[in-house]
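Biologist: Before we use this model, I would like to hear the reasons behind the labels attached to it. Take me through them one by one.

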Amino acid sequence: MNPRRVELLVSVRNCEEIAAALAGGCDLLDFKEPENGALGMVDSESLQAITVYCERHSIPQPLSMALGELVEWHERCTMPRIPSAMKYLKLGLSETRELPDWKSCWQVVTERIEMEQQRQFDWIAVAYADWEQASAASPLEVLSAAIESRCAGLLIDTFHKQGSGLTDLLSLELLDELIQRAHRHGLKVALAGSIRLGDLEALSPLQPDIVGIRGAACTGNRRTSSIESSAVRDFRMQLEEQFHCHPWG
Ligand SMILES: O=C[C@H](O)COP(=O)(O)O
């Protein structure tokens with residue numbers, strides 16, 4: 001038996017989707033605009049509506065938010081106020097291989113965001129499984145940087161959302177190494193990247209803390225369509241079945 005309960009994160013983009021994801025039984029809500037890329041940030045108007053909704057409903061699930069790609073922050077002059085209920089923040093690291101020192105740049109941007117928002121956040125480092133095509137640092141490099149900079153967790157996701165998913169891109173051996181190493185340093189690990197119901201059996205020997213989905217929670221598995229509570233519920237049930245019945249040993 002896997003001793004951990006693997007939690008289900010669902011990426012949503014508006015209030016209707018929050019309700020559907022919660023009705024389906026998600027454990028964590030992640031705010032993201034799928035039309036804006038793998039880690040697309042929701043627009044200010046949606047963020048405002050989300051803030052009001054979360055305050056009104058006192059949602060107990062932890063909240064996370066995608067802030068786009070680090071390289072986009074060179075040109076960004078302003079940013080919306082991040083809802084006070086938001087606990088975790090994430091920045092994508094695509095195109096950072098072109099930068100002379102992406103780790104310093106990452107630190108500068110995270111510090112700038114915390115200064116502007118006048119509070120601290122729990123940062124989640126993002127490793128792209130398709131890191132070479134994304135021109136990003138490798139998952140092992142990102143994990144080392146995450147440990148050095150005291151991130152709260154590591155998300156392993158895909159940058160490109162057409163075609164290959166997590167299980168096509170990284171071996172179970174490498175995923176296991178990343179998870180074990182992250183855990184030794186106190187970081188949580190979330191696995192994502194076009195994960196479908198049929199991938200859960202293959203992933204079940206691993207011990208991630210979280211499995212994150214958008215596409216599998218949407219109508220027709222299309223991540224740009226809407227979240228369906230029944231799809232979230234099916235995924236939640238399959239997650240329980242695969243990760244809790246595995247004879248871990
Ligand atoms: O953080 C989770 C991502 O939103 C996963 O999205 P995806 O399942 O469409 O790859």
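Modeller: Start with strands β1 and β2, which pair in the parallel sense over 4 bridges. Please keep in mind that this is a predicted model.

Biologist: Why are β1 and β2 called paired?

Modeller: Two strands count as paired when DSSP finds at least two bridges between them. β1 and β2 have 4 bridges, so they are paired. Within this pair, S11 stands opposite D30 in β2.

Biologist: What makes both faces of β2 covered?

Modeller: L28 and D30 lie on one side of strand β2 (residues 28–31), L29 and F31 lie on the other, and all are buried. In a regular strand the side chains alternate between the two faces of the sheet.

Biologist: How do you know that β6 is mostly covered?

Modeller: In β6 (residues 153–157), 5 of its 5 residues are buried. G153, L155 and D157 point one way, L154 and I156 point the other way, and all are buried.

Biologist: Which strands pair with β6, and over how many bridges?

Modeller: Strand β5 (residues 122–128) is joined to β6 by 5 bridges and runs parallel to it. Strand β7 (residues 188–191) pairs with β6 over 4 bridges, also in the parallel sense. Both counts satisfy the requirement of at least two bridges, so both are pairs. On the β5 side, A125 has L154 as its bridge partner, and A127 stands opposite I156. On the β7 side, L155 stands opposite A190.

Biologist: What do the strands form together, and in what order do they run?

Modeller: They form a closed barrel of 8 strands that runs β1-β2-β3-β4-β5-β6-β7-β8, with parallel pairing. From one strand to the next, the twist averages 25°. Helix α9 (residues 229–244) packs on the sheet and touches β1 and β8; its direction makes about 155° with that of β1.

Biologist: Which residues have the most contacts inside the largest nonpolar core?

Modeller: They are V10, A21, L154 and A217, in a core of 77 residues. The largest share of this core, 6 residues, comes from β5. In soluble globular proteins, nonpolar side chains tend to be buried together.

Biologist: What is A217 in contact with, leaving aside its neighbours within four places in sequence?

Modeller: A217 is in contact with V10, A21, I227, E228, A231, V232 and F235. Each of these counts as a contact because the two C-beta atoms lie within 7 Å.

Biologist: Which residues come nearest to the ligand?

Modeller: Of the 17 residues around the ligand, S11, A192, G212, R214 and G215 come nearest. The elements that give two or more residues to this shell are β1 (7–12) and β8 (210–213). By class, the shell divides into 5 nonpolar, 6 polar and 6 charged residues.

Biologist: Now the surface labels. Why is Q107 called partly exposed?

Modeller: A residue is buried with 20 or more C-beta neighbours within 10 Å, exposed with 12 or fewer, and partly exposed in between. Q107 has 15, so it is partly exposed. Q107 is found in helix α3 (residues 102–117). Its C-alpha atom is separated by 8.0 Å from that of S149, 42 residues apart along the chain.

Biologist: Why does R76 get the label partly exposed?

Modeller: R76 has 13 C-beta neighbours inside 10 Å, and the exposed class ends at 12, so R76 counts as partly exposed. R76 lies in the loop between β3 (63–69) and β4 (86–92). R76 and A190 are 114 residues apart in sequence and 28 Å apart in space, C-alpha to C-alpha.

Biologist: What sets E95 and S135 apart for comment?

Modeller: E95 has a positive phi of about 60° although it is not a glycine. S135 has a positive phi of about 55°, and it is not a glycine either. E95 is found in the loop between β4 and α3, and S135 in the loop between α4 (131–134) and α5 (139–148).

Biologist: Why does E95 count as partly exposed? And why does S135?

Modeller: E95 has 16 C-beta neighbours inside 10 Å, which lies between the limits of 12 and 20, so E95 is partly exposed. S135 also has 16, so the label is again partly exposed.

Methods. Residues numbered from 1 in each chain as written. Predicted model: local features only at pLDDT ≥ 70, side-chain atom pairs only at ≥ 80, totals over all residues. Core = buried A, V, L, I, M, F, W, Y, C linked by C-beta atoms within 7 Å. Near = placed C-beta within 6 Å. Nonpolar A, V, L, I, M, F, W, Y, C, P; charged D, E, K, R; others polar. Axes fitted to C-alpha atoms, helices over the stretch in contact; angles between N-to-C directions.
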